[in-house]
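Dear colleague,

Please find below the structure that I am handing over to you. My notes on what was found in it follow directly after.

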Amino acid sequence: MKLRKSIFLTLLAGVVVFTGTAATPAAANSGAGGFVRQLGADWLAGNDGSTLRLNLTLGYQYTDRFSAAIGAGYAFYNDPVDLIPVYLDLVYLLGQGSNTAFLQLKSGFSRSVMRGDEHTSVRHRGGLFLQPGVGIRMNDMSITAGFSFDHASWDLDGFAGRVVREKVSFRRIQLGVGYHF
Amino acid sequence: MVSFKPALAFLAITLLFIACDDQRTQTITWTEFEPVYMSQEEFLASVSVTEPRDMEEPGKIYLYDDYLFVNDVNQGVHIINNSNPSAPYFAGFVTIPGNKDIAVRGDLLYADSAGDLLVFDISDFENPKLISRIKDVFNLSQTQFRGHPFRPVDPSRGIVVDWMEVEVEEVCRGDCHQPRGPWGWGFMTFGRASADAAGSTGSVGTGGSMARFAITGDQLYAVDWSNLVTFDISAPEPVKRNQQGVGWMIETIFPYNEHLFIGSANAMYIYDIHTNPASPERVSVFRHATACDPVVVEGDYAYVTLRDGDHCPNITGNNQLEVIDVSDLFNPKRIGIYKMLHPHGLGIDSGDLFISEGDYGLKVMDASDPYNVKEVRHIQDIRTFDVIPNDGVLIVTGPTGIIQYDYSDVQNLRELSVIMAGEEAKKRNL
């Protein structure tokens, strides 16, 4: 488990370093033709609990209003799995200038990881990840709100050949902040 | 120009229609056993001697003179002429519904049939005759499959002679709780009685290490889920002399010298059968980890195998051989623990310790020094269940049949014969 987390953090650091040394990015809302990079944190709240997800995206501003990026994150569900979503992040700005609202759609798939060793006989899988939302960009910062769907499933082997298969859709309100760099 | 309205509208609509409850679907699949009934009339009439037939599910074995008696679980007893271990052959079959345990003394074969004890005259080995039936002497309240859920017994539908395996699936929104139905723990069959018992009047057979029947002298000792039952078998008609609670999940019984060694899920019990054979007295209890645990004894040392698994208590990782010094029967002491793969029955002869490792084969151990038991050989390409080492011939049972080896040289076991069972036997006959 520690190995998986280390790999993930290494990849995350790699992406940060890569994007930090890539071609000069377009400043936020400065028009088409530049990189967009964002480091963000989401609070995922629901009736069954709340948790944190960290994100990193790297993309390109194709037009004045539209950008597409790929991203990855780590959601600390611990129920009993955490999820690592890898997704496509589409953003459509609703206005011009450094302060504007935008529509956002993140969609992709999550990979599951198991923390701790309390579950020794578990097979687990991630699943579809979807997050529509809206946000407001203010210079290098943005705040977002949306709805997050995360799917996961796992099998637990019980006594006497009993198998418990659980499928879960984490349906959470998402509130996030992002830093563009 | 900042345009917030469409974004806020989108957010409002989204939140309006979407709930924030995680959606969970839990599907639990498990194997459950349901009883197979037989009417009282049919049950009593179904005991019969028939032509030899293939073994389906070999259970306990019992060696007596030149004959092997092999329990076919819940079906009856195969009689195999084993005068030449290199060429055994089926001599007959006794249909006994609900049979799991057997023992032989003199010309009498003792067999259970559901809750009854039957006695057969086997003076003509190949034509046994039922001479006695004692009804309702065994507690069947827990004779379901250990570790598996089972459906409740409805006595109005007759006598339970078998259990049928069914797959069950339960789908729940949210969390399911435990599957419905009681959880049962029951007989695991396959057993051992011993010819080494002190006080034996001589013509007592030899069984495997997982027996629930044992004969010493004029007593037949039988264990069920929780009781030790004593029968006086000095006459052809057995008389129940005593029944006493021992513990829970009693599994095996092994008579040695003047004592009974009884294996249960979490302990080995030692009973004195010398002072009052009809009413054994407990000498001591040796506690061990919760697991299935047949036991054999040689000299001052008892050898207990512990295993986990589907049919055993829900403790994982307890797969080991424990060596216990029983020179002081009031104070048994563990002197060694050896890791095993999935040990089942075991047998010992003059320091040669044979351990069936289930699907992992057979291990031959050198226990000449009980403080330093060493593995001599591991035969991996067979499935084993129980063993009887007897005068140079090792009889190994398993789900695929019975294999006999010459173990006069344990370094070089020589296969003498194979009696196939189950699907292997059917394939052979195609």
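**Nonpolar cores of chain B**

Leaving out residues up to four places away in sequence, B:F231 touches B:L117, B:V137, B:F138, B:D218, B:Q219, B:L220, B:A222, B:P238, B:V239, B:K240 and B:R241. Please note that this is a predicted model.

B:F231 belongs to the largest nonpolar core, which has 33 residues. It is listed there among the residues with the most contacts inside that core, together with B:F69, B:Y110, B:L117, B:F120 and B:L220. Two of these, B:L117 and B:L220, also appear among the residues that B:F231 touches. A second core, separate from this one, comprises 29 residues, including B:Y303, B:L329, B:L346 and B:A367.

**The surroundings of B:A111**

Strand β8 of chain B covers residues 108-113 and contains B:A111. Is B:A111 buried or exposed? With a relative accessibility of 0%, B:A111 counts as buried, because the cut-off for that class is under 20%.

Which residues are in contact with B:A111, once its neighbours within four places in sequence are set aside? They are B:I96, B:N99, B:D101, B:I102, B:D116, B:L117, B:L118, B:F120 and B:F213. Among them, B:L117 and B:F120 are also named for the largest nonpolar core. B:F213 lies 102 residues from B:A111 along the chain, yet the C-alpha atoms of the two are separated by 8.8 Å.

**Chain A: overall build**

Chain A has 181 residues, of which 48% count as buried. Its secondary structure consists of one helix and nine strands. Read from the N terminus, the helix comes at the start and the strands follow, in the order α-β-β-β-β-β-β-β-β-β.

Considering contacts in chain A between residues at least 6 apart in sequence, 56% join residues that are at least 24 apart. The chain exposes about 8,100 Å², and 64% of this area is supplied by carbon and sulfur atoms.

**Chain A: a nonpolar surface patch**

On the surface, A:L39, A:M138, A:M141, A:I143, A:V177 and A:Y179 make a nonpolar patch of about 520 Å². Strands β8 (141-157) and β9 (163-180) of chain A each supply at least two of the patch residues.

One member of the patch, A:M141, is found in strand β8 of chain A. A:M141 counts as partly exposed because its relative accessibility is 38%, a value between the limits of 20% and 50% that bound this class.

With kind regards

Definitions and conventions:
Residues are numbered from 1 along each chain as its sequence is written. Chains are lettered from A and ligands numbered from 1 in the order in which they are written. This is a predicted model: local features need pLDDT of at least 70, side-chain atom pairs count only at pLDDT 80 or more; totals for chains, interfaces and linings use all residues. Side-chain values use heavy atoms; hydrogens and water are left out. Helices (H or I, at least four residues) and strands (E, at least two) are DSSP runs, numbered from the N terminus. Buried means under 20% relative accessible area, exposed over 50%, partly exposed in between (1.4 Å probe, protein chains only). Contact means heavy atoms within 4.5 Å. Accessible areas come from the Shrake-Rupley method with a 1.4 Å probe; for residues, only the protein chains shown count as cover. A nonpolar core is a set of buried Ala, Val, Leu, Ile, Met, Phe, Trp, Tyr and Cys residues joined through side-chain atoms within 4.5 Å. Patches are made of residues with over 30% relative accessible area and no salt bridge: like charges are joined within 9 Å, nonpolar side chains (Val, Leu, Ile, Met, Phe, Trp, Tyr) within 5 Å. A salt bridge is a side-chain nitrogen of Lys or Arg within 4 Å of a carboxyl oxygen of Asp or Glu.
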